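Trainee: I would like to learn how to read the features of a model like this one, going from a sheet to its neighbours and then to the contact between chains. Could we take them one at a time?

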Amino acid sequence: MVADYPGAGGIAPPCETMATSLQVQLMIRTAIVEDDPAVIVRLRAALEAAEDIEIVATANSIASGLELIAAGGFDVLLCDLGMPDGEGIDLIRAAARANPETDIIVITIFAQQSKVIESIRAGARGYLLKDERLENCVEGIREIRRGGSPITPIIARQLLKQMMPSASDVAHPLDEGLSQREAEVLNLLARGFSYKEISEILSLATSSVGTYVKRIYRKLEVNSRSEAVFEAGNRGIINVH
Amino acid sequence: MSTNPWLARFAFLTCLFVTPAFAGTVNANELRETARVISITQAEFVFSNQSQIPTSGWKQHPLPMTDFFVARTPETTSRRILWVKILVDSSELGTGAIALTTDYASERFQVYFNGRPIYRNYTDASRRNFASESPWIVPISRDDLRRGPNEIVLRLESETFWSLGLGNTKIGDDRSIRAIFDRNYLLQIKAPEFINAILAAFTLGIFCFWLARPDEESLGWLTMLGLVWFVRNIQYSTLYAPFGPDFSWEVSNNSLFVLIVVFYGFSATFFDVPRRKQLIVAIVAFGSFLMILRLYLVAIGESVIVPHLATIPLVIVLTGIFVQACLRTPTTDYFVMLGATTIAVSAFLHDFGVLAGMWQGTRFALQPYASMIVFAAFGIAMGRRVLTALDTVENLNVILEQRVATADRELRASETVRRDLQVSQAVSLERERLMMEIHDGIGSNLITALSLAEHRKASPETIATLRRSITDLKIAVDSLEPVEGDVVSLLANLRHRLEPDLNKAGLSFDWHVSDAPRLPWLDAVGALHVLRILQEAISNILAHSGARKIVVECGSAERDRRDGISITIRDAGRGFDPGSPTAGKGMANMAARAKSLHGALTCDSGVGKGTTVSLWLPLLPIQHQSGNDRP
């Protein structure tokens, strides 16, 4: 993990610096883009209570959000969808392009499923409900850093429908279809089974169900990116070959 | 254009067999004539430029002698004169007038009967004739006939060594010989001449058509074909060629290659073969190459058989392509034209074989006849097109009516689709608007209110009410999700929504949900009913049962012999007396919702026995009506 830290290569750092960098790396640097000050206040309260999470930047519009993304220096981005000056989806897309290692979490009131799927296509890896259990977001952020993503049954159902190899269009096959195991996991998720129940049914480690979900999200993003290329090529916007 | 493969095949076979049958008849006629006619099969010949009948150097040779153009002779340097001697016994010649006929003789010839010149086919030795295909008749005076063997000598003279020769020669009584000559003259000269005249007229007609319809490529090709074929046919019917025999022969010989190119260019256009342009370019290139090769071979004095033979594989490949085109689109026109093409090719091969001495064949050129057949086939195709066009004009009203009906139908269909699309778009927009309203308005406010209530330590009832409102709102939002009647999905999402709160209250789910068929009739209103029924059942467990586990089962189930699905929510808690008035109200509400879905709700409970609530929903909306009966 130390080797992953940007300062680790090149000049050999002194021991002190090593210790500091280790500490810095363990902290989850979080940025927030949200236009509702009340939500920011509540998020700040919830996140500052956690000793392993620090808020490194906040923004309240698309414009300031783009600056925040350009500046970088965060591991997790919490991003609202409805901004006064545009769509949060564009910010998500920009952040995913700027640093694919960033875990982007979309903030939504009730997890409006179509919006969440759209965000995942743009590069989001999780969602956070803006409802009463905001304190749960700490665990949500930790989980996503560990490599697991949350999902709702309706989203699982939609993903199954869109990504099943058999159901996919023969004319434009998916770049990355679902593996059989991933399809099994999605099917159980769509039927309402919890991560724990699924890991028991499929004899997996509990944590790996979330990992499967995150991997499926990545595949969806890759597919939708190539779809966009396909569409653009079709419309003559960009020249494929 | 109508397609009748049987008619097409019949026409094809007819075309294929007519010509050989015709040739067969000719042979049969000949057999009948043998009684009064002697066919000369054996003769003697010598090449000699002297003006008197040579006395020595005679060699035996069967008749006809037409293969000198392949068997080159040493006497090819100067003017060639071939002497042919035939012996015939007077006893074989009957008592009437006598005549001799041959179906082929070199440019100029002179006949000596018993040493005395009796006939020559020219008056001016400097004027050379062209139609070596012409038959000749020579009357013989009985006065010159001797008893026993009589000697007939022919002095054949030609400017070109390959045209030297003598064809099938017969001698016999004048009437029979004249009949043979007449028939040969008809087949070799008259009919080709007649055909060529028709061809010229036909070509002119097609050319006019082409001027009127310049986009019809096949008309252009056919005009060219008619023209080239006309030029080539001249050699069969004209005795004295325009511009002299040498020039005409050269034009005629080279026209074969042009004819092949144009013939296949036309056929490729007519059959509309794939990659027609490339094919035509290839044919033109190959044909030009062969023609140049032939000219070169003539110039260096070599045999020209190679370029002629090279046309055979070309012809086979192209015919194959046209057969393929026919099989792909088996119309009568195509089959007729294929038959005509095949006959034309056979005619070329036949004539070539005769010329090369490979076979005797019909002993007259078939190419003029082939040209007629090809043009007739095209005439049939044109005629059919004209008939179809006439039919179309006659039936125009009917066709227009049909078209109007079809267009009307299509318009209606597209209108329906458009309206459906509009409706679904409107619904989707409305849903979007409602969602926004709920999210940014009510939802946002409720959350803020809850946050404030918690922060200011409001009464637990207030907080609980706010929480319940948020949950209700979330469930209402979920009912609007497009799940396409997937009850399992609704159920799963309900668990997802309720579980965090239930877990806090120390309750957990025992989840037994298997895949169940979709309910196509289930819309957002129905989905909300289902969710409310289940929510109510779960709330009751939370509020009253004191149970730790909620067992949820879902799967296909039959009720009153109707397919459907069943959702069961069961707990092992306190249970209640179904007869009690407090239990009754909630249950009645749930049952009413179930009824509006044409489903059924059953509740089984008793004090201390736990509670089982089952919701059954039909797979097909057999009794489902417009939705007026919904609360």
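Trainee: Which strands of chain B does helix H11 lie across, and at about what angle does the helix run to E11(B)?

Mentor: Please keep in mind throughout that this is a predicted model. Helix H11 of chain B, residues 487–504, lies across E11, strand E12 (549–559), strand E13 (562–571) and E15 of chain B, and its direction is at about 165 degrees to E11(B). Because angles are taken between N-to-C directions and run from 0 to 180 degrees, a value should be read together with the sense in which each element runs.

Trainee: At about what angle to E13(B) does helix H12 run, and which strands does the helix lie across?

Mentor: Helix H12 of chain B, residues 524–545, runs at about 20 degrees to E13(B) and lies across E12, E13, E14 and E15 of chain B.

Trainee: In what order do the strands of this sheet in chain B come, and is the sheet open or closed?

Mentor: Strands of a sheet pair through backbone hydrogen bonds, either parallel or antiparallel. Here the sheet is open, with five strands of chain B in the order E11-E12-E13-E15-E14 and with mixed pairing. Its edges are strand E11 (508–513) and strand E14 (600–605) of chain B, each of which pairs on one side only. On average, and with direction ignored, neighbouring strands of this sheet are turned by 15 degrees against each other.

Trainee: In which sense do E14(B) and E15(B) pair, and over how many bridges?

Mentor: The pairing of E14(B) with strand E15 of chain B, residues 611–618, is antiparallel and extends over six bridges. Within E15(B), Thr612(B) is the bridge partner of Asp604(B), while Ser614(B) is the bridge partner of Thr602(B). Five residues lie between the strands of this hairpin, in which Gly608(B) takes a positive phi near 80 degrees.

Trainee: Turning to the contact between the chains, how many residues does each of chain A and chain B give?

Mentor: Chain A gives 20 residues to the contact and chain B gives 27. On the side of chain A that touches chain B, the elements giving two or more residues are helix H2 (37–48) and helix H7 (153–163) of chain A, and H7(A) gives the most, with three residues. By class, that side of chain A has seven nonpolar, five polar and eight charged residues.

Trainee: How many helices and strands are there in chain A, and what share of its residues count as buried?

Mentor: Chain A has 10 helices and seven strands, and 41% of its 241 residues count as buried.

Terms used. Residues are numbered from 1 along each chain as its sequence is written. Chains are lettered from A and ligands numbered from 1 in the order in which they are written. This is a predicted model: local features need pLDDT of at least 70, side-chain atom pairs count only at pLDDT 80 or more; totals for chains, interfaces and linings use all residues. Two strands pair if DSSP finds at least two bridges between them. Helices (H or I, at least four residues) and strands (E, at least two) are DSSP runs, numbered from the N terminus. Two residues are in contact if their C-beta atoms, placed from the backbone, lie within 7 Å. A residue is buried if 20 or more other C-beta atoms lie within 10 Å of its own, exposed if 12 or fewer, and partly exposed in between; C-beta atoms are placed from the backbone. Ala, Val, Leu, Ile, Met, Phe, Trp, Tyr, Cys and Pro count as nonpolar, Asp, Glu, Lys and Arg as charged, and the others, Gly among them, as polar.
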